[in-house]
Amino acid sequence: MSVSGSLADELDQPLSLARQVAQLLVVPVSARLGSQSPPREVLRRLIQEVGIGGIWLTEGHVAEALLLVEELQTWAALPLLVAAEAGRGLALQGATSFPHPLGLSRLGSEAERWAEQWGWITAREAAALGINWLLNPVAELLGEDPLSASQLARAFVRGCEQAVPEGILTTASSFPGKGEVRSAAAEQVSKAPDIPWCPRLSLTPAQLQEGPWLPFLLEQVGAILVSHVVLPEWDERWPITLLPGRLTQLLRREWGFGGLIVVDRLDDGFLAELAAGTELSPNRLAVRAFQAGADLILAPPDPMASLAAVLEAVQQGSLSAVQLAQSVTRVLRAKQRVLPAASTLLKQVWPALAETDFSAVGGWMGAKDPTDPALSRGSPAEHLKPLLLGDPIRKDSALGKLFNTRANLPSALHKAAQLGSLLAEQDIAPCQAAMARGGVEGGRPLRPPPEPRWLNWIWLDPPLDTADLQLQSPAVQVPAALGILPVVSDALTPLPWLEAALNSAPGLVFQAFLRDPLPNYVLDWLQQHRERVAAVVVYGNLSFYRRLQAHFPGANLIHSLNRDPWAQAEAMERLFPNRAIPEGAQSQTDQQIIKKK
């Protein structure tokens, strides 16, 4: 179905079928200055003429995001849902970043407190940028057992709602979970060779219902994000996102979920491979997603072509217009909740909202008690974003000039800079430190003092993020202050030089910043000289750490989920408890650090 014709006529009506379908599409957008992803004229047309329901900010600086969201909302006849990922803080440069959330589950009685604080900080930043929809919490990663994950997800959402009393849309992500997903190699053994690769769960739905799916059963969230994963018991080829009626049956009828069902991005390449050789084109995957029970679709490969395919399916009777209208009601009700100023407009264009009484609707749509003291934390000004966290925008920069060309923005920028003190270090740092502490396991103190000429061997996976390891980083500074000097190497370091440096040391501490497993020659050296290796610290790559435990039983091993300074400090505290760094230690480290390529 072409856009020129009946679709063009539909777009001229206030909330025609075409505009209803458009409200169910969410387009990924880069906030980077000058980005053409998508081209801005295309984006303007999708918002102004087609009337898409939302955007998903995928990258950019917080200041760029503020500019972009403000502009795009002025383009929209109906306000946009503005989504962002926040698995470790907002996925935008300049926002507060947090350690891996799995560490929360190891904090015992403290866990829920810090999960709530994490949600509070993240949501407050999001709301100040105009972001009204978080694609989090990632329910499956918040805890090492289903009950813990459920409790922490609820705490995160509770913190979000305390930060933004008028409401912010949160999402249980990503159903059906990937903790039991088979690898591509293992999958080829168990399925027909003509079926393209797609993530597959090894557990049955009955097994998943007993545990792994429990964290997704949250009334507090307004949406569930469903990923493209195959459950072989239901279908060998198609993921659950594309099985007609499956999401409606499971999430609506069996679970009674009343929020938004969101299907993950449809522009993933393996989905096009699945559609190849069938009657489906990539753009008709949107039809299958709505047939499955989706309310919102992230990243349709071609929004206009997907819209046309959905309208054609309605005309042919393979997709229910009533079902789509129900989805529109859910989407606009969510907008009514997170954008109360637009409630009157939304009621005018969609009368089904006129009788909405949030106090009479359970779950996320339910009204909150305005007298609850937990909802009065801070003044309304605190909900504005303290934008430039140590990253000022120069007036002569491209971004600074953009601010200066718009009359209301210089004052907004000035106010944001002033409000930086509201989101103070004492609010953020304890939460970051607690999450990092929970992400560290193992380790026992080294007996002091170490012999002279001990070395701190640090292995890096290139390319190294400069934020991970610097001369002042705890992983370097704490041992150096005790006379254990660093030797930094990676896969490009000449092996003869490295062996010469290590063989002369009477003992060493080995620290590995890993994305990939260690090379075999490094493992062999550690094995052969294990009597001289006092401790091994692994940052990242949990599966490799488990292998090390098997290879080095009884060894002094430490693992950290994170690479950041808080995690390094916790690991060093376990090796060298209560060791203060003497003044002048940094200058000694600066002189002695060794790294050769």
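Arg40, Leu43, Arg44, Ile47 and Gln48 in helix α3 meet Leu68, Leu72 and Trp75 in helix α4. This is a handy place to start looking around the model, which is a predicted one. Helix α3 covers residues 40–50 and helix α4 covers residues 62–75, and the two pack at an angle of about 45° with their axes 8 Å apart. Angles of 35 to 65 degrees fall outside the parallel and perpendicular classes, so α3 is oblique to α4.

Just ahead of that helix pair there is a backbone detail to check. The peptide bond from Ser37 to Pro38 is cis, with omega near -5°. Pro38 itself belongs to the loop between β1 (25–30) and α3.

**The chain as a whole**

Stepping back, the protein chain has 23 helices and 17 strands. Of its 597 residues, 54% count as buried. What share of the contacts between residues at least 6 apart in sequence join residues at least 24 apart? In this chain the share is 78%.

**The nonpolar cores**

The largest nonpolar core holds 131 residues, and Ile131, Trp133 and Phe175 touch the most other members. Helix α5 (residues 111–129) gives the most to this core, contributing nine residues. If you would like to see one of these residues in its setting, try Trp133. Leaving out residues up to four places away in sequence, Trp133 touches a list of residues that includes Val26, Leu81, Val82, Ile168, Leu169, Val262, Leu296 and Leu298. Thr171 is also among the residues that Trp133 touches.

Apart from the largest core lies another one, of 24 residues. Val487, Leu502, Val538 and Phe552 are among its members.

**Aromatic rings**

A search of the whole structure turns up 12 aromatic pairs. In one of them, the ring centres of Phe175 and Phe216 are 5.4 Å apart and the planes stand at 85°, so this pair is edge-to-face. Phe175 lies in strand β5 (residues 171–175) and Phe216 in the loop between α8 (205–209) and β8 (223–226), so the pair ties together parts 41 residues apart in sequence. Are these two residues buried or exposed? Phe175 is buried, at a relative accessible area of 0%, and Phe216 also counts as buried, at 1%.

A further pair is made by Trp457 and Phe510, whose ring centres are 4.7 Å apart with planes at 65°, so it too is edge-to-face. This pair links distant parts of the chain, with Trp457 in strand β12 (residues 455–460) and Phe510 in strand β14 (residues 508–513), 53 residues apart. Both Trp457 and Phe510 are buried.

Phe175 appears once more in a wider group: ring pairs link Phe175, Trp213, Phe216, Trp234 and Trp255 into a cluster. One member of that cluster, Trp234, has a charged partner as well, since the charged end of Arg246 sits over its ring. A second arginine, Arg237, has its charged end over the ring of Trp238. The distances are set out below.

| Charged residue | Ring | Distance to ring centre |
|---|---|---|
| Arg237 | Trp238 | 5.5 Å |
| Arg246 | Trp234 | 4.1 Å |

**Backbone details elsewhere**

Pro38 has a counterpart further along the chain, as a cis peptide bond also joins Asn136 and Pro137, with omega about 15°. Pro137 is found in the loop between β4 (133–134) and α6 (146–163).

Which phi value does Ala299 have? Its phi is positive, about 50°, although Ala299 is not a glycine. Ala299 lies in the loop between β10 (296–298) and α12 (303–316), and it is buried, with a relative accessible area of 0%.

Asn541 likewise has a positive phi of about 50° without being a glycine. Asn541 sits in the loop between β15 (533–539) and α21 (542–551). With a relative accessible area of 16%, Asn541 is under the 20% cut-off, so it counts as buried.

**A serine to visit**

Ser327 lies in helix α13 (residues 321–338) and counts as buried, at 2% relative accessibility. Which residues is Ser327 in contact with, leaving aside its neighbours within four places in sequence? They are Leu24, Ala294 and Asp295.

Key. Residues are numbered from 1 along each chain as its sequence is written. This is a predicted model: local features need pLDDT of at least 70, side-chain atom pairs count only at pLDDT 80 or more; totals for chains, interfaces and linings use all residues. Side-chain values use heavy atoms; hydrogens and water are left out. Rings of Phe, Tyr and Trp (its six-membered ring) pair if their centres lie within 6.5 Å; planes under 30 degrees apart count as stacked, over 60 as edge-to-face and the rest as tilted. Helices (H or I, at least four residues) and strands (E, at least two) are DSSP runs, numbered from the N terminus. Buried means under 20% relative accessible area, exposed over 50%, partly exposed in between (1.4 Å probe, protein chains only). A charge sits over a ring if NZ of Lys or CZ of Arg is within 6 Å of the ring centre and within 35 degrees of the ring normal. A nonpolar core is a set of buried Ala, Val, Leu, Ile, Met, Phe, Trp, Tyr and Cys residues joined through side-chain atoms within 4.5 Å. Contact means heavy atoms within 4.5 Å. Axes are lines fitted to C-alpha atoms, for helices over the stretch in contact, and angles run from 0 to 180 degrees between N-to-C directions. Angles under 35 degrees count as roughly parallel, over 145 as roughly antiparallel, 65 to 115 as roughly perpendicular and the rest as oblique.
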